[in-house]
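Work through the following exercises with the sequence and the model open side by side. Each task is followed by a solution that goes step by step.

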Amino acid sequence: MTVERFDVVVIGAGPAGGQTARSLAKKGVSVVLVEKHENFSLNNFSSAGMTLEPIDEFNIPESVVGAYWKDLVIQCTKEAYTWQGNTKKGVVLDFKKLREFLADETTKHGGKVLMGYKYESKEIQGNQVTVLLSHSDKSKSLKIETKLLVDATGPLRKVMYDANETQPEMVLGSGTEYEIEVEQEVYDKFKDKLLFFLGHKWAIKGYSWIFPMENRVLKVGAGKTHIKSKDQEKTNKTTRKITEKIISEYIKTTNYKIIDKHGGILRYSIGVKDTFYNNKVVAVGDAVSAINPRGGEGIRYEMQTGELVSNYIVEYLTTGKENFDNYQKKWRKKTLLKWKLSEYSGRRMYSRYTDNQIENRVKFFRKNFTIDDMIDSLFNFKYNKLFTRIFQYSFLKIQFLFKKEKF
């Protein structure tokens with residue numbers, strides 16, 4: 001069996017793992033990025049809609065951008081509510097190309113990428129970790145000796161926790177997405193906008209979406225939470241059925257070509273109670289719940305964990321000091337309050353609100369908030385304007401009811 005040696009082994013070449021390996025390679029660290037699939041098109045699940053800021057934050061090239069968007073639309077059961085933008089507000093990334101880019105950046109700066117290798121096990125002896133990998137064609141195995149392992153396996157958390165090891169309590173989410181090629185006139189109806197669905201007609205315990213990609217290509221999908229609630233209605237709907245219903249009844253196209261079908265799960269630790277570091281294993285991305293609990297999208301935040309942890313990894317390799325508690329504290333300080341507010345908002349919207357309540361809430365947002373306010377709330381977790389205006393609205397309503405009662 002071949003044995004190789006690296007200072008750091010990153011298991012999982014998603015946005016978090018790719019950015020971790022890229023950042024470490026730039027800092028001169030001997031790092032290898034391990035991806036279980038032979039190519040990145042085999043694991044292409046992410047709606048990948050975001051604002052413009054991450055493009056500059058992580059120097060993402062134009063070649064990774066599938067499409068730009070400037071309008072935001074929320075379709076409820078009864079009505080659609082549109083916020084129009086005069087300029088580009090964000091992008092929809094090509095998820096496969098993003099992962100390829102991060103892997104290429106890793107090799108460009110001196111790191112190594114192993115494609116088609118699956119993580120099997122780890123053995124820790126003193127300051128050395130021995131990692132066993134198996135190739136997808138089962139013809140060969142590989143051992144790597146390293147000083148540190150990075151768990152970027154996402155919701156599975158396969159490296160941090162052994163098979164039978166107890167994990168923190170998790171909330172489960174799942175989703176389905178189709179990438180389809182449609183007629184030009186159909187594509188033109190949906191280009192330049194992010195379209196979300198809320199309510200029981202087009203979504204189930206979550207939200208659905210239509211996002212544009214390159215010309216004539218749309219991403220259509222649905223995600224659901226699996227939070228138990230006495231207020232939830234029983235249903236036999238699945239995210240696949242919802243997705244197909246949107247294609248046939250909302251997009252209204254039968255003459256389309258399916259480019260790709262994919263699905264995935266999310267496992268989110270309420271209150272971000274994940275293990276960030278334990279015995280030579282440090283976690284990043286979805287393995288530390290770096291995801292918007294309300295929206296299910298986390299590319300920017302996954303990459304931020306990779307960038308942040310790389311500094312503590314370099315410190316460990318240089319001084320031997322395991323300062324990963326500060327990594328955890330810094331990340332929780334940055335996100336915990338925002339995540340809790342997002343958890344609360346998502347739980348109410350997806351599990352407790354009736355169709356009418358959802359409609360009234362979105363109608364209120366449309367009347368009182370600009371597209372930039374909505375982007376700040378949905379993507380950047382800036383709630384100041386939102387809370388101020390909701391408070392003002394509630395105060396005026398109380399005043400009105402008081403006067404009505406008095407007279």
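In these exercises, contact means heavy atoms within 4.5 Å, while helices (H or I, at least four residues) and strands (E, at least two) are DSSP runs numbered from the N terminus. The model is predicted, so that local features need pLDDT of at least 70 and side-chain atom pairs count only at pLDDT 80 or more, whereas totals for chains, interfaces and linings use all residues. Residues are numbered from 1 along each chain as its sequence is written, and side-chain values use heavy atoms, with hydrogens and water left out.

**Exercise 1.** Determine how α6 and α7 pack, and which residues meet.

Solution. Begin with the general description: two packed helices are described by the angle between their axes and the distance between the axes. Axes here are lines fitted to C-alpha atoms, for helices over the stretch in contact, and angles run from 0 to 180 degrees between N-to-C directions. For α6 and helix α7 (residues 324-352), the angle is about 160° and the axes lie 9 Å apart. That angle makes α6 roughly antiparallel to α7, given that angles under 35 degrees count as roughly parallel, over 145 as roughly antiparallel, 65 to 115 as roughly perpendicular and the rest as oblique. Next, list the residues: from α6 come Y301, Q304, T305, L308, V309, Y312, I313 and Y316, and these meet F324, N326, Y327, K330, W331, K334 and W339 of α7. Sorted by class, this contact holds 10 nonpolar, three polar and two charged residues, where Ala, Val, Leu, Ile, Met, Phe, Trp, Tyr, Cys and Pro count as nonpolar, Asp, Glu, Lys and Arg as charged, and the others, Gly among them, as polar.

**Exercise 2.** Describe how helix α1 (residues 15-26) packs against helix α3 (residues 95-108).

Solution. The axes of α1 and α3 come within 8 Å and cross at roughly 20°, and the two helices are therefore roughly parallel to each other. On the α1 side the contact involves P15, G18, Q19, A21, R22, A25 and K26, which meet F95, L98, F101, L102, E105 and T106 in α3. Seven of the residues in this contact are nonpolar, three are polar and three are charged.

**Exercise 3.** Which residues touch the most other members of the largest nonpolar core?

Solution. First fix the term: a nonpolar core is a set of buried Ala, Val, Leu, Ile, Met, Phe, Trp, Tyr and Cys residues joined through side-chain atoms within 4.5 Å, and buried means under 20% relative accessible area, exposed over 50%, and partly exposed in between (1.4 Å probe, protein chains only). The largest such core has 56 residues, of which V8, L133, V282, I313, F324 and Y327 touch the most other members. The element that gives the most to this core is helix α6 (residues 299-319), with six residues. Then follow Y327 outward: apart from its neighbours within four places in sequence, Y327 is in contact with F276, V282, A283, V284, V288, T305, L308, V309 and Y312.

**Exercise 4.** Is S289 buried or exposed, and how does N59 stand in that respect?

Solution. Locate each residue: S289 is in the loop between β17 (281-283) and α6, and N59 is in the loop between α2 (53-57) and β4 (65-75). S289 has a positive phi of about 55° although it is not a glycine, and the phi of N59, also positive, is near 50°. Finally, compare the accessible areas: S289 is buried, at a relative 1%, whereas N59 is exposed, at a relative 53%.
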